[in-house]
Amino acid sequence: MIKLAIDGMGGDNAPKEIVEGSILALKQFDDIELTIFGDVDKMKPYLIEHPRLKVVHTPKYFEMGVKDIGRHTLRDDKDTSMLMAINHVKEGLADGVVSSGPTQALIFASFFMIRPMKEMKRVAIAPMVPTVIGKPTILLDAGGNIDAKAEHLLDFAIFSTIALKEVYVVKSPKVGLINIGTEPGKGRDIDKETFELLSKHPLIDFYGNLEPKEILTSDAQILLSDGFTANIVMKTMEGTASALGKILKREIKASFWGKLASVLFLKKPLKRFKQSMSADEVGGALIAGLDKVVVKAHGSSEAYAFMNAIRQAKTMVSHDVIGKVKNVLRGQDE
């Protein structure tokens with residue numbers, strides 16, 4: 001049985017969507033046990049009795065806009081829902097944690113409480129992103145390390161390769177290095193050095209340099225760069241998806257025939273369009289490089305999206321992704 005700790009109060013839509021998403025996951029997957037940490041009084045309207053569900057009460061939680069995160073947080077806020085969930089994993093009582101709470105708090109607390117795996121030199125944020133090809137695609141590092149080195153990016157590529165193979169059954173995911181041009185030798189020193197490392201590594205199916213204009217349409221399913229560049233890419237993609245949806249909606253409503261067509265003929269295609277551009281279908285962002293599974297669900301997650309984040313965490317655990325990453329990296333260092 002896979003045991004997961006849930007931050008019941010993290011996110012814009014907590015606790016309702018978090019609790020309901022957790023219950024959906026319990027109904028969908030019969031190999032998980034969930035412990036939800038949060039304010040029982042606020043969660044009570046959405047809770048049900050279930051043999052694989054435990055609830056631990058705490059009235060304290062992090063607001064989504066929390067800024068002052070430091071070592072004092074681990075001491076002063078240890079009874080918040082997020083830190084109690086993380087500590088549950090630290091103590092060996094759960095195999096992983098899922099939270100929609102503030103990203104900075106989750107990464108900081110996980111780093112110092114769960115600790116990074118010794119085999120990886122940095123921790124990275126690795127969200128799943130929508131693409132035109134409709135295949136699971138990971139972007140990293142989406143904000144964790146603005147001063148990364150080439151060897152760090154190689155570690156991230158290895159982690160993502162194994163995660164896609166194990167969690168999403170991708171036979172040979174291609175790694176694309178985000179750059180200003182496709183030719184070898186383009187970009188900064190870190191890009192050139194990373195290009196060489198990726199080209200030579202036996203586990204990596206290297207796509208090559210990937211220009212930003214190709215990101216949504218290429219065959220690469222791992223989009224790799226340092227934290228500064230990849231974070232800009234992620235936010236640009238989010239803005240583009242939102243803008244395309246608004247433009248499409250505006251044009252459909254611009255005429256009577258457009259409105260009629262949307263009702264009679266376009267309902268299913270429009271639904272598929274929305275799904276293809278939605279991160280709800282793929283779960284949350286993986287926190288790559290930790291010694292246990294940590295999944296950061298989107299802050300605005302509704303029940304279905306949070307269920308998928310739980311699915312993502314359980315699959316990571318059941319396929320021992322972290323153990324497999326460690327084995328590869330150990331072999332690399334020997």
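Which residue forms a salt bridge with D291, and how far apart are the closest N and O atoms? I started here and found K326, with the closest N and O atoms 2.5 Å apart. Before going on, a reminder to myself that this is a predicted model.

**Entry 1: the D291 pair**

I looked up where the two partners sit. D291 is in the loop between β10 and β11, K326 is in helix α12, and 35 residues separate them, so I logged the pair as a link between distant parts of the chain. Next I checked cover. D291 has a relative accessibility of 29%, which makes it partly exposed. K326 comes in at 16%, and because buried means under 20%, K326 counts as buried.

**Entry 2: other salt bridges**

I ran the search over the whole structure and got 15 salt bridges. One of them joins E166 to K324, with 3.0 Å between the closest N and O atoms. This pair also links distant parts of the chain: E166 belongs to helix α6, K324 to helix α12 (residues 321–333), and they are 158 residues apart. K324 is partly exposed, at 32% relative accessibility.

Then I pulled up K174 and D205, another salt bridge, where the closest N and O atoms are 3.5 Å apart. Here the link runs from strand β7 to strand β8, across 31 residues of chain. I have K174 down as partly exposed at 30%, and D205 as partly exposed at 23%. I also noted a network of salt bridges that ties together K16, E17 and E20.

**Entry 3: the parallel sheet**

K174 and D205 sent me to their sheet. What order do its four strands take? I read off β6-β9-β7-β8, an open sheet with parallel pairing. The edges are β6 (138–140) and β8 (205–210), each paired on one side only. From one strand to the next the twist averages 20 degrees.

I zoomed in on β7 (residues 174–178) and β9 (residues 222–224), which pair in the parallel sense over three bridges. In this pairing L177 stands opposite L224 of β9.

Two helices lie across these strands, so I logged both, minding that angles run between N-to-C directions. Helix α6 (residues 150–167) crosses β6, β7 and β9, at about 165 degrees to β9. Helix α7 (residues 189–200) lies across β7, β8 and β9, at about 170 degrees to β7.

**Entry 4: H152 and I146**

Is H152 in helix α6 buried or exposed? I get a relative accessible area of 6%, so H152 is buried. Setting aside neighbours within four places in sequence, I find H152 in contact with K121 and R122.

I146 reads the other way. This residue is in the loop between β6 and α6, and I count it as exposed because its relative accessibility is 64%. I146 joins F228 and I232 in a nonpolar patch on the surface, and together they have about 330 Å² of accessible area.

**Entry 5: β10 and its partners**

I went back to the loop that holds D291 and looked at the strands around it. Strand β10 (residues 285–288) points A285 and I287 one way and L286 and A288 the other, and all are buried. That matches the textbook pattern, since side chains in a regular strand alternate between the two faces of the sheet.

On the pairing, strand β5 (residues 124–126) runs antiparallel to β10 and is joined to it by three bridges; I125 has I287 as its bridge partner. Strand β11 (residues 293–296) is also antiparallel to β10, with two bridges, and A285 is partnered with K296. The β10–β11 hairpin has four residues between the strands, and there I spotted G289 with a positive phi near 110 degrees.

**Entry 6: helix α4**

How many residues of helix α4 (residues 81–90) are buried? I get seven of ten, so I wrote it up as mostly covered. The buried set is S81, M82, L83, A85, I86, H88 and V89. Their cover includes β1 (2–7), β2 (32–38), α3 (71–76), β4 (96–99) and α5 (103–113). Just after α4, G92 has a positive phi of about 80 degrees.

**Entry 7: whole chain**

Last, the totals. I count twelve helices and eleven strands, and 51% of the 334 residues are buried. Among contacts with a separation of 6 or more, 71% are between residues 24 or more positions apart. The chain exposes about 16100 Å², and carbon and sulfur atoms supply 54% of that.

Methods
Residues are numbered from 1 along each chain as its sequence is written. This is a predicted model: local features need pLDDT of at least 70, side-chain atom pairs count only at pLDDT 80 or more; totals for chains, interfaces and linings use all residues. Side-chain values use heavy atoms; hydrogens and water are left out. Two strands pair if DSSP finds at least two bridges between them. Axes are lines fitted to C-alpha atoms, for helices over the stretch in contact, and angles run from 0 to 180 degrees between N-to-C directions. Contact means heavy atoms within 4.5 Å. Patches are made of residues with over 30% relative accessible area and no salt bridge: like charges are joined within 9 Å, nonpolar side chains (Val, Leu, Ile, Met, Phe, Trp, Tyr) within 5 Å. Accessible areas come from the Shrake-Rupley method with a 1.4 Å probe; for residues, only the protein chains shown count as cover. A salt bridge is a side-chain nitrogen of Lys or Arg within 4 Å of a carboxyl oxygen of Asp or Glu. Buried means under 20% relative accessible area, exposed over 50%, partly exposed in between (1.4 Å probe, protein chains only).
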